Amino acid sequence: MDYQRCADILAKMHENPHGLPRPVRQANVSRLLEVLGRPERELRGMLVVGTNGKGSTCAFAVSAVAATGARVGSMPSPHLQEPRERIRIDGVPVTRAEYTAAFAEVWDAIERHGLPVLSQGVFTTTAAVHFRRAGVGLAVAEASIGGSRAAAAELGLDVKVLTGVGLDHTRLLGDSPALIARAKIEAVRDGDHVVLGRLAPEAASSAEQVLRTRTGLSVWRVDHEIRYTARTAGRGPATLVDVTTPRAVHRDLPCPLPGAHQHHNLAVAIAAVDAMAERGHIRDPETERLRPRLAATRWPGRLELVPHARLDGWTGRVLLEGATNPQGVRTVAPEILDRARSEGHPGPPVLVFAAMDDKDVSGMLAPLPADWPLVLTRTDSHQAAAPAALHGLLSPGRRGPCLSAEDTPSALRRAAGIAGPGGLIVVFGSLRLVGEARTALALRPG
């Protein structure tokens, strides 16, 4: 089996999942781990759930754990360009050969034992197998959707992190913050250490109800046991964050990812790392090693600016943002607007937008100016909405020109023609769209 064969199998599984009910396929993840010899048995670490902020929180956590001198595996979800991005050691994606070897072991077990699972189950078990092969005993895992129903919950990691709750994936999780909070916090098991990000009252109440049904928990909450403050450092754009947890006070931590929301994500990550130290999984990070590690943290596709993008003779700027729901767009909108004001280009930015067929399209576009030109497109996902369908969901108040393109490269070319040389293109609405845009712009997986 080669790497392309792995990718083809995973794409087919995602678009044509086995016909068994979801609970049966979820239960098969545990059975698959069993026949693989329990590769997760020696893993310790954290599982991160939440509507938004999971990837950035995990990236900060990986940097902080690595600052202790320990090797740490991570499992971002989803990948942007290649499946191997979902398995990382100290933040670096595995090679294609390493991914193929672990995947082949998992796929052989699936076929030999007849265990239909969802693609998320394959991603999770492949990561666990690779961590065992690499001798990595610490993991920072990101749940895909939900909490207890996420395949990564089968790894049994005993520090659980809930970054926040918003309305997304409502067909699967429920149509209220209370229901979504419940679905995510259900991942908590007796005896876990729980770190809660800032939650709205309805979501917080629902989460607390679930936690009261568990025993032996330690619970730290932002604005209660966890506190943080942020400030600009000197004359530059850098931000320093002070984080206080029940275990330690961390001062002058650099936050290199743009946006005030990242200060919260950094604080949550540091609290989760302190919880891991509290459990004896790692040493306490030393401040002098922690700061440079955090300063080097990068997370592709989240307010990622490509300052000298080139496309068929066009040169300009492209801002890639992975927000996939109205709450996420509202959170990053100030940064997008600030970027637009600071570019010094006479014309407005051009939006390139695609979304899955269950998204609140008008709600996602509402935080950005209605007169900015818009190019609607679709990704190669079978769940992607067609441009015509997206057009029908636009707010009547949208005033800017609206065009359609059949795919991501075509959409970028149309946007470049509107933006003009040196103009700004903002790509958002779908992480799949961001990944396809990175590929079209010849950016390497990161």
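D90 is partly exposed, with a relative accessible area of 30%. That residue is a handy way into this predicted model, since D90 also carries a positive phi of about 50 degrees although it is not a glycine. From there, the tour takes in other backbone oddities, two open sheets with helices packed on them, one buried valine and the enclosed cavities.

**Backbone oddities**

- D90 sits in the loop between β3 and β4 (92-93).
- A442 is another non-glycine residue with a positive phi, this time about 60 degrees. You'll find A442 in the segment after α15, and it counts as exposed because its relative accessible area is 67%, where the cut-off is over 50%.
- D312 has a positive phi too, near 50 degrees, and belongs to the hairpin of β12 and β13, which has 2 residues between the strands.
- There's a cis peptide bond between S77 and P78, with omega at about 0 degrees. P78 itself is in the loop between β2 (73-75) and β3 (88-89).

**The three-stranded sheet**

- This open sheet has 3 strands in the order β9-β10-β11, paired antiparallel. Its edges are β9 (227-232) and β11 (249-255), each of which pairs on one side only.
- On average, neighbouring strands here are turned by 20 degrees against each other, direction ignored.
- Helix α9 (residues 261-278) packs on the sheet and touches β9, β10 and β11, with its direction at about 135 degrees to that of β11.
- Between β9 and strand β10 (residues 239-244) there are 6 bridges, and the two run antiparallel. To pick out a pair, R227 has T244 in β10 as its bridge partner.

**The six-stranded sheet**

- Here 6 strands make an open sheet with mixed pairing, in the order β12-β13-β17-β14-β15-β16. The edge strands, pairing on one side only, are β12 (304-311) and β16 (402-404).
- The average turn between neighbouring strands of this sheet is 25 degrees, direction ignored.
- Helix α14 (residues 408-419) packs on this sheet, touching β12, β13 (314-320), β14, β15 (374-376), β16 and β17, and its direction makes about 150 degrees with that of β17.
- Helix α15 (residues 431-440) lies across β12, β13, β14 and β17, and runs at about 140 degrees to β17.
- For a parallel pairing, look at strand β14 (residues 350-353) and strand β17 (residues 424-428), joined by 4 bridges. V352 finds its bridge partner in β17 at V427.
- For an antiparallel one, look at β12 and β13, joined by 6 bridges. Within that pairing, L305 stands opposite L319 in β13.

**A buried valine**

- V361 belongs to helix α12 (residues 361-365). With a relative accessible area of 3%, V361 counts as buried because the limit is under 20%.
- Beyond its neighbours within four places in sequence, V361 is in contact with F353, L390, L393 and L394.
- As for L393, its C-alpha atom is separated from that of V361 by 6.2 Å, although the two residues are 32 apart along the chain.

**Cavities**

- Rolling a probe the size of a water molecule over the atoms shows where empty space is left. In this model the count is 4 cavities of 30 Å³ or more.
- The largest cavity holds about 90 Å³ of space. Its lining is made up of M75, P76, S77, R86, Q120, F123, T124, E142, S144, A151 and A152.
- Helix α5 (residues 119-134) gives the most to that lining, with 3 residues.
- By class, the lining of the largest cavity breaks down into 5 nonpolar, 4 polar and 2 charged residues.
- The second largest cavity has about 60 Å³ of space. Lining it are P76, P78, H79, L80, E85, R88, W299, P300, R302 and G446, a set with 5 nonpolar, 2 polar and 3 charged residues.
- P76 turns up in the linings of both the largest and the second largest cavity. The cis peptide bond between S77 and P78 also ties in here: S77 lines the largest cavity, while P78 lines the second largest.

Conventions: Residues are numbered from 1 along each chain as its sequence is written. This is a predicted model: local features need pLDDT of at least 70, side-chain atom pairs count only at pLDDT 80 or more; totals for chains, interfaces and linings use all residues. Side-chain values use heavy atoms; hydrogens and water are left out. On a 1 Å grid over the protein atoms alone, a cavity is a set of points where a 1.4 Å probe fits but cannot get out, and a pocket is an open set with protein on both sides within 12 Å along at least five of seven lines; lining residues have an atom within 4 Å of a point. Grid points are joined across faces, edges and corners, and a volume is the space filled by probe spheres set on the points. Ala, Val, Leu, Ile, Met, Phe, Trp, Tyr, Cys and Pro count as nonpolar, Asp, Glu, Lys and Arg as charged, and the others, Gly among them, as polar. Buried means under 20% relative accessible area, exposed over 50%, partly exposed in between (1.4 Å probe, protein chains only). Contact means heavy atoms within 4.5 Å. Two strands pair if DSSP finds at least two bridges between them. Axes are lines fitted to C-alpha atoms, for helices over the stretch in contact, and angles run from 0 to 180 degrees between N-to-C directions.
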